[in-house]
Amino acid sequence: MDMQALLQQAQQMQQQLVEAQQALDEAEVEGTSGGGLVQVKLNGRGQVEDITVDPKAVDPDDAEETAQTIADLVLAAIRDAEAQVERLQQEKMGPLAQGMGGMPGGGGIPGLPGF
């Protein structure tokens with residue numbers, strides 16, 4: 001085995017990893033629920049950046065029911081956005097994991113589920 005070539009390949013993979021992580025940091029994903037009544041924006045690492053609730057979701061005559069409905073809609077929108085973040089992470093990081101031998105056991109990159 002050529003150690004120089006192996007070292008160069010490792011450096012290339014490290015650079016690709018840094019680029020993929022930067023792309024995730026800059027990415028923005030939006031999840032929705034209730035036909036768009038609630039929108040949640042997450043960054044590419046899955047951190048919530050913004051939540052928007054349409055005033056139409058609020059029933060002033062039933063505050064208790066409205067509060068529970070909004071909580072349910074927010075949770076559903078977050079789950080929708082998280083699923084999109086997971087797909088984005090797979091898209092950006094998946095090829096790198098395959099390049100590292102597929103990472104058996106599914107847990108080699110901290111903070112990224114499935115890697």
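Which residues does Ala-57 touch, not counting residues up to four places away in sequence? The close-up views below, taken from a predicted model, begin with that residue.

**View 1. Ala-57 in the loop between strand 3 and helix 2.** Ala-57 touches Leu-37, Thr-66 and Ile-70, with residues up to four places away in sequence left out. Helix 2 spans residues 63–99. Ala-57 is buried, because its relative accessible area is 11% and the cut-off for buried is under 20%. Leu-73 lies 16 residues from Ala-57 along the chain. The C-alpha atoms of Ala-57 and Leu-73 are 9.2 Å apart.

**View 2. An open sheet of three strands.** The strand order is 1-2-3, and the pairing is antiparallel. Strand 1 (28–33) and strand 3 (48–53) are the edge strands. Each has a single partner strand, so one side of each has no neighbour in the sheet. On average, neighbouring strands of this sheet are turned by 15 degrees against each other, direction ignored.

**View 3. The pairing of strand 1 with strand 2.** Strand 2 covers residues 38–43. Six bridges join strand 1 and strand 2, in the antiparallel sense. One of the bridge pairs is Thr-32 with Gln-39, the latter in strand 2.

**View 4. The salt bridge between Asp-25 and Arg-45.** The closest N and O atoms of the pair are 2.4 Å apart. The salt-bridge count for the model comes to one. Asp-25 sits in helix 1 (residues 3–26), and Arg-45 sits in the loop between strand 2 and strand 3. The pair links distant parts of the chain, with the two residues 20 residues apart. How accessible are the two partners? Asp-25 is partly exposed, at 44% relative accessibility. Arg-45 is partly exposed too, with a relative accessible area of 38%.

**View 5. A nonpolar surface patch made by Val-48, Ile-51 and Val-53.** The patch measures about 210 Å². Val-48 belongs to strand 3, a strand at the edge of the sheet. Val-48 counts as partly exposed because its relative accessibility is 42%, between the cut-offs of 20% for buried and 50% for exposed. Patch residues need over 30% relative accessible area, so Val-48, at 42%, clears that cut-off.

Conventions
Residues numbered from 1 in each chain as written. Predicted model: local features only at pLDDT ≥ 70, side-chain atom pairs only at ≥ 80, totals over all residues. Heavy atoms only, no water. Pairing = 2+ DSSP bridges. Helix = DSSP H or I, 4+ residues; strand = E, 2+ residues; numbered from the N terminus. Axes fitted to C-alpha atoms, helices over the stretch in contact; angles between N-to-C directions. Salt bridge = Lys/Arg side-chain N within 4 Å of Asp/Glu carboxyl O. Buried < 20%, exposed > 50% of the residue type's maximum accessible area, 1.4 Å probe, protein only. Contact = heavy atoms within 4.5 Å. Patch = residues over 30% accessible without salt bridge, like charges linked within 9 Å, V, L, I, M, F, W, Y side chains within 5 Å. Areas by Shrake-Rupley, 256 points an atom, 1.4 Å probe, with all protein chains shown as cover.
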